[in-house]
Structure formats: C-alpha cells, structure tokens
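Q: Please take a close look at one part of this model, the largest cavity. What is its volume, and which residues line it?

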Amino acid sequence: MIKKIAVIGPESTGKSELSAQLARHYDTEWVPEYARFYLDRLPQAYTQEDLLEIAKGQIEWEKDKLEMANEWLICDTNLIVIKVWSDHKYGNTDPFIEEQLEKIPYDFYLLSNIDLPWRDDPQREHPQLRKHFLEVYENYLIEHKLPYKLVSGIEDIRLANAVQAIDDFFTK
C-alpha cells in the first residue's frame, strides 16, 4: 500500500522544492502543484471557478502519479490549500472541494514553516500574511485530527527534518 504525504503551508515556504527532494530521497513520484501549471496558462486573473478547476486538476495529477509511485507518493499541496485560499479570498469553498477533502485520504502531512525568506513570484499574493496562513493550516490539521509535523530549516536541514518526521511517524 502506498503512503501519501502531503506537503502544505503558506506561500514561499519551499513546498515544491521539498516535495521534489523527498521524492528523490524515497526514490518515488511526486505530484507537482497543478495551480502553478493552470495559472501560468490563464490569460486573466483567476476566479473562484478557477479554484474548482485547479482542484480537479490536482486530483487527476495525483491519480496519475499514484499509479507510478512505489511505497510513497509525495504531494506538493492538496485540497486543504485550495480550501484555505478560497475561504480567505471568497469567504467560502465549493462543495465539490469540501466533499473531496473528506474522500481523499493522506497518511501524513508536512506543514512547511515560514522560516525561509520570501521569494517574489507573480503567482504569490500575500507576503505579509504568511504567519496568519501558517496558523490557519495548523488549526485545520489539529481540528481534523490529521497527523502532521511542522518542518523548519534551510536547504539540507529542512530535507533532513522532513525525512526524520516521516520516518519517525511511519516507524511508530
């Protein structure tokens, strides 16, 4: 059975880089963030309807990678991130996303800390709200009793801390 790890957290906290590093470490597949792919091709500002399409794309990419994964599947983001973003920007989340959050299980979450410097990117919106979003993600994980570990550190230290958190969790 494949163990699914979701890497979530605020903007510019190294989730994509960490996901790729973890996939190399565990010699497996990782699911990139579909939102980045989708938004790069969008000719106008995104809407709440686009978040639904992003959620559907993320789910499909995950299904595809799951078929190729070995013991692990590393997911750079999941629907929690889309929900948090939708709730913040639009005040609610599409019911489909809410339903899928209940249906699609993950074995463990890595919550990426805000200890990395902000990197500007046209798709990033709120450098001043990273602490706020970190608290929102952590509260969600706690409220839903989802197993997670906050991951900190720069470069190789962050990767080592993430590997340690995963290995510790799965050897309990």
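**The largest cavity and two further elements**

A: The largest cavity has a volume of about 40 Å³, the space filled by probe spheres set on grid points joined across faces, edges and corners. The model is predicted: local features need pLDDT of at least 70 and side-chain atom pairs 80 or more, whereas totals for chains, interfaces and linings use all residues. Residues are numbered from 1 along each chain, and side-chain values use heavy atoms, without hydrogens or water.

One cavity of 30 Å³ or more is counted (points on a 1 Å grid where a 1.4 Å probe fits but cannot get out; lining residues have an atom within 4 Å of a point). Its lining consists of Gln 58, Ile 59, Glu 62, Asn 78, Leu 79, Ile 104 and Tyr 106. Helix α3 (residues 48-68; a DSSP run of H or I, at least four residues) supplies the largest share, three residues. By class, four lining residues are nonpolar, two polar and one charged; Tyr counts as nonpolar, Glu as charged.

Turning to helix α1 (residues 15-25), its buried residues (under 20% relative accessible area, 1.4 Å probe, protein chains only) include Leu 18, Ala 20 and Leu 22. Among the elements covering the buried residues of α1 are β1 (3-8), β4 and α7 (156-170). Just after α1, Asp 27 takes a positive phi of about 50°.

Leu 110 lies in strand β4 (residues 108-112; E, at least two). Leu 110 counts as buried because its relative accessibility is 0%. Beyond four places in sequence, its contacts (heavy atoms within 4.5 Å) include Ile 5, Val 7, Leu 22, Val 151 and Ile 166.

Conventions:
Buried means under 20% relative accessible area, exposed over 50%, partly exposed in between (1.4 Å probe, protein chains only). On a 1 Å grid over the protein atoms alone, a cavity is a set of points where a 1.4 Å probe fits but cannot get out, and a pocket is an open set with protein on both sides within 12 Å along at least five of seven lines; lining residues have an atom within 4 Å of a point.
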